[in-house]
Structures are given as structure tokens and as C-alpha cells.
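I opened the notebook for a fresh look at this one. Here is what I looked up, in the order I went.

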Amino acid sequence: MSRPLLKVALVGHVDHGKSTLLGRLLLDTHSLPDGKMKEIKSISKDLGKEAELAYLTDQFREERENNMTIDTTQVFLKTQKAHYVIIDSPGHVEFIKNMLTGATQADAAILIVDVLEGLQEQTRRHAFLIDMLGIKKLIVVFNKMDLVKYEKAAFVEKKAALMKFFRDLNVQPLNVIPVSAKESVNISKKSPQTRWYRGPTLLEALEALAPVVNSSRACLRFPVQDVYEIQGQKILVGQVLSGQVSAGQRVMLLPSMQSAAIRSIEAFGKSPKKAAAGESIGLVLKGSVPVSRGEVIVENKCSLAPTTCFSGNVFWISDLPLKVGAPVTLRCATQELRGRVTGIRNRMNSSTLEVLEANACQLKVNETGAVSFVTEKPAIVEGSGPLNGLGRFVIEQDLRVQGAGIIS
Amino acid sequence: MDPISELENKTIYILREAHNRFKNTALLWSIGKDSTVMLWIARKAFFGQIPFPVIHIDTSYKFKEIYAFRDRYAREWGLDLLVSKNEAALRAGMSPQKEKFACCHALKTEALKSTIHERDLKALFLAIRRDEHGIRAKERYFSPRTLDFQWNYKDQPAELWNLYQSEIGKGEHSRVHPMLHWTELDIWRYVEREKIPIVDLYLAKNGRRYRSIGCASCCSPVDSRADTIRKIVKELETTRVAERSGRAQDKENAYTMQKLRSLGYM
């Protein structure tokens, strides 16, 4: 029987042990093929190094030689109770875009903190981003407990500093666990070394996370991805973002606000009566209604209104700053929106959370702020949070994604 | 929605997205299980009429069963099949008996390169999966390749949510990976559920079967009694043998795959 999959991002500062922890999880859950550890030992030996669990996922030669993760990796992990995809992230500030690439696919996160070093620049920034992305299921592990001889005092002190930072962010972790990835303490089994700790192991905490369920009670949102002409029939294809759609239903097209009716729902070789969130399907409308990519099909009495002015909380990843007045291309679901930046408020350091300027003329790399836009054509966006496809967008400049935003 | 349908719906979304954004695309069909499943899903995504060519990179050293399967289903499914061969290298005697890296590069990568240039393809669908190989686990769904085919793996574009990077420079193309999130076990469960025809080299004969197929000379079978799809699923639920353990290119050196891929290998 195939089980639901939970996607978990592993985040935290450089060298706090993300890849090592992932290697440990793979080893302790017997998720590795035969001979893999032997291969890792021989590679480590060739590099003149101790056997490194991190090499299980740090696959690029450059990553192994420099003991540093460059790009995000996804690996599959099985326990008795559940299946996971663990998304490793690089901890260096230069690779934030790769960390975001991984984290935007996650339902939950593990934040790892070196118990000696405590909160560092990327610990804070990654925690900020996890919160910005709407990931509420957060497990914190304090790693390298072996280096403080498993003393409770060190853990308590660093945990207090973390909880203070979390209060500023308004984040509530599910668990805070003292571990040693290297010595496999509190990963898959408890250890007499930390008798003072009464909470779950990391695997127990992971197994307690429930998979995410799509609600079919939400309102219908169907962004048109493309229009196909097949055997004289015009089929609007796309993936249902939320809610459900049924044959015969009255709907409205945005931004044109034309009303229409669904003649049929089309899949290859069948015509289902209805389709729910997550399904990639085709819709055929009654009559001849002009429709193109980027339009959004919603329920007939939907109050969602098209707009050419909106703002969002933006995280900027490019070395070239985002400037007020600059032309941008925004992508939101299947919409491509050309426009301009009209203002930047509350420019903030995404690690210290310090507000640098109330009204700014630019947003620099790894900074965050409330950015307002004006678009040439009306946009269909909603401030319903990052988990909704119409509540989030990317900003492209020079043909590349340079920033991420959540509609406010 | 059940987990396998979730994978399928995401794959359909990616296939349609790349087709819309790049226009001039093609699908790479090795006739192996993964690309056959991708082809099956592409038939669903485009309602039975795949609007782009299906390319078979033919090294001429493939198993005979592969050629028979290809010709049969290309006909049955009405595919626009394009067979691509590096004739010059073959005439010059390139074969797996020579160095394997050079052979893979010449007969696969170089053949692919010339087809991309001839057809001016902007995107290519490949059925690689993250769980196959550590290097493939680092891939994006939409992954740009430079004019000279290089994969700039040290500076991959951000790929946030399902908003894929589809802007490419002149002469560049994108590798699109609609099956990236599938595992080997998912593939077989889906083959079973959908009753997808598959080359019978995957089924055990005399106690051995192939888990991964390619050129006859560079693949070796694994011990197995799985002579039905059901039994393959059962076997994979408990096995600890790596999928590509029978593939020569993975064995030569820890970084052979990285080197092959950075030069444009699939």
C-alpha cells in the first residue's frame, strides 16, 4: 500500500550538521541500499578524510572536497509508520535561492542548531523564511550535544535564546530536541546520555506529523494553463487549485468577469462528473467564450476582484537590488504580469528582523519588505496566505527569478 | 487524492506547462520503464495526441526487445517517432568495448546534441528521477543547458513552488523533468494500476531480471524471481539492492555521472 508522503525541509546555519543529520536519518531508518556506506567510506578515504555521513547527499565533487552543500537535494525516507521526502538545504548565505527552492516544496521543517554556536545568521534567516512560506509544522533540534558532554545546562541556555527569537517572529515549534547526529542520540532512539530529556526522538516527532489534506470545501480556483483544440473542441486545461468543479456548474472567468457554464470535464478517454483540488484536468465551456492562459475560473458568485495595484511581502534573492520604478515580470499561478514597483515599505534585515527603513527606494539581497506593484493588465491575486497558489508569486528580472512574494 | 494520482497530476501539469512555455519541445524515450510511463502520462496530458516528437537515442547496442517494443508502440500510439543515431561515430567503430565514458558520450550525448540543433528544440522532456542517483536528486524540474550543452550545476536558477523557470537565452535549451518526484516503486505501482505495457526484460527469467535497461553490453541482470509486475512491486518493497547496481556507467568512478551530466548526458 502506498502511503501519503510528507515533505520536510531540513534548514539551519552552515556547518550546524544538516547533511550529517540527513545521513544519520537514512542510516538509522535503513533507507540506504547495500554497499552505500562502503562506497562513502572509500570516497572519504580518497579525499583523505574521516567517513562523512554528509557525503550520502553531498554528491557533487565540489561539495565533498569543500565539505559544504551547494544545492538542495531531496531524498526518500521510510519509517514503520510513514514515508517522507527530506529536503536538504545549503546553509551558506550565497545559496539562499537553493534553500528556498527546497523549502517552497515542504509541508514541514526541521531547524537544526549547533548547541555550541547557538543562533546564527542563517538559523534566524531560515526560520524567518519557513514562517514566511507558511510552514507551521516546525521541529527544532539542537545538534552536537556530544560536544557539550550532553549537559542539560548548555541545551537550556541555547533553547531560551531561540525561544526569545521565536516570540519576535511569532513562531511556535512543535518540539525542541537535543541530539547528536554523529553519535545517533535522540534521532531514532533515546539515550542514557540525555536522561534529563523527556520529549520524543526526532523520528517520533516526525511520525507525529500528520500529512496535509486538501480541503474540498474551499472556493473553486482554476487557473487556465493552456487551451487545446482537440477534435473541434476547445479544452481549457489546468490544475484545480482549490475547491471543486462539476459538469453543468455556472462559473465566472476572471479578469473578464464573463459568466459561463461547464459543459463537460475532460480527461483522456473519460469525462468525469467532477474534479477536485490537485487534479490536472480539462474543462469544456458551453457556447463560444474566448479564454486564454492566465485567466482564472471561479464560482459564479465569487467576490474575488481583479486589480492592477497590489502589494506583497517580498524576499529578494538577487545581488542586484529591486528598485522603486523598476519594470518587473510577476508570475502568479499561470498569470504572467508585467508591471512596475511603486513603493517599498519596512525594508528589513531578514536575519536580525531589524527594520532598516520605513520607506525605501530599493531592496537588497536577502532583505525583505512590503513591496507594492502596478500591473499593465488586471491581476487575480488574493491575500489568503502562501499556501494558496493565488497568494504567492515570483518576481523575474533579466529572465531569472530574483525574488519571492506573498500577497498581503 | 491517493499518493500515486498526486504524482501523476503533477507530472501532467509540468508536461503541459513546458509545452506551453517552450513551444518547440520533444520527449526522450529510452523505451525503459520511466520514459514509457512518462509517455503514457503525456498521452493523458494531451488527450491521446502528443503534440511533439518522441526521440529515441539509438546507440545500436540496445537489447533487441527494446527495438521490437519501440516499433510496436510507436505505431499503436501514433507517435511522431524520431530515431537519432551518431552514424559518424558508429562508422568510426565506437562501441562499449572501448572506454565506456567515451562511448556513452559519443553515442548518446553527441547524438542528442545534433538532434537538438537540427530541430532547434527549446526543451526536452527526460524521465529522470531523484531517487535513481544522488546527482539526479540535485536537479530542477526545469533545468537550463547552455549552448554547448553544459549544466551549470553550481548556479542553478531558483525554482519556487510550481512557478518554473522557462526563460532561456539564445541557443540554450531546457531539460524538463516531469518524473523527478517519482520513486522506482511508484513507477511499478503505477504500471500495475494502469496496466502499462513494458519491455519484458524487466520480468524475471531463470531467476534473473533487469532493473534498469539500456545498452545490452552495459547492463547486467539482478537475481530475482519477480516474473510479474505484482511481484516486482513486492520485491521492491523490501529490497536493499540499488536500482542502478547493474549499470556500468555508475560504477566506474564516483563522479562519472556528474561529469557525464555536466556535459549534457541525460
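**Charges.** I began with the charged side chains of chain A, keeping in mind that this is a predicted model. I found 51 positive and 41 negative side chains in chain A. The centres of the two sets lie 7 Å apart.

**Surface.** Next I looked up how much of chain A is accessible. Its accessible surface comes to about 17,200 Å², and carbon and sulfur atoms hold 49% of that. Buried residues make up 59% of the 408 residues in chain A.

**Overall form.** I wanted to see how the radius of gyration of chain A sits with the globule rule. For 408 residues a compact globule would have a radius of gyration near 22 Å, and chain A has 24 Å, so the two agree. Along the principal axes, the C-alpha atoms of chain A fill a box of roughly 75 × 55 × 40 Å.

**Elements and contacts.** I noted seven helices and 24 strands in chain A. I then took the contacts in chain A with a separation of 6 or more: 68% of them are between residues 24 or more positions apart.

**Domains of chain A.** Chain A is divided into domain 1 (5-207), domain 2 (221-299) and domain 3 (307-407). Between the C-alpha centres of domain 1 and domain 2 of chain A I noted 43 Å.

**A helix in domain 1.** I picked helix α1 of chain A, residues 18-28, for a closer look. Is this helix mostly covered or mostly open? Mostly covered: nine of its 11 residues are buried. I wrote down the buried ones as A:Lys18, A:Ser19, A:Leu21, A:Leu22, A:Gly23, A:Arg24, A:Leu25, A:Leu26 and A:Asp28. Charged residues are on that list too, including A:Lys18, A:Arg24 and A:Asp28.

What covers the buried residues of α1(A)? The cover includes the strands β1 (5-12), β2 (73-78), β3 (83-88), β4 (108-114) and β5 (137-143) of chain A. It also includes α7 (202-207) of chain A. After α1(A) comes A:His30, and I noted its positive phi, near 55°.

**Chain B.** I finished with the other chain I had on my list. Chain B is divided into domain 1, made of 3-182 + 253-262, and domain 2, which spans 184-251. I put the C-alpha centres of these two domains of chain B at 20 Å apart. How many residues of domain 1 of chain B are in contact with domain 2 of chain B? I counted 38, and they are in contact with 33 residues of domain 2 of chain B.

Conventions: Residues numbered from 1 in each chain as written. Chains lettered and ligands numbered in written order. Predicted model: local features only at pLDDT ≥ 70, side-chain atom pairs only at ≥ 80, totals over all residues. Heavy atoms only, no water. Helix = DSSP H or I, 4+ residues; strand = E, 2+ residues; numbered from the N terminus. Rg over C-alpha atoms; globule rule 2.2 N^0.38 Å. Buried < 20%, exposed > 50% of the residue type's maximum accessible area, 1.4 Å probe, protein only. Contact = heavy atoms within 4.5 Å. Areas by Shrake-Rupley, 256 points an atom, 1.4 Å probe, with all protein chains shown as cover. Lys, Arg positive; Asp, Glu negative; His and termini not counted. Charge placed at Lys NZ, Arg CZ, Asp CG, Glu CD. Domains from an automatic or database assignment.
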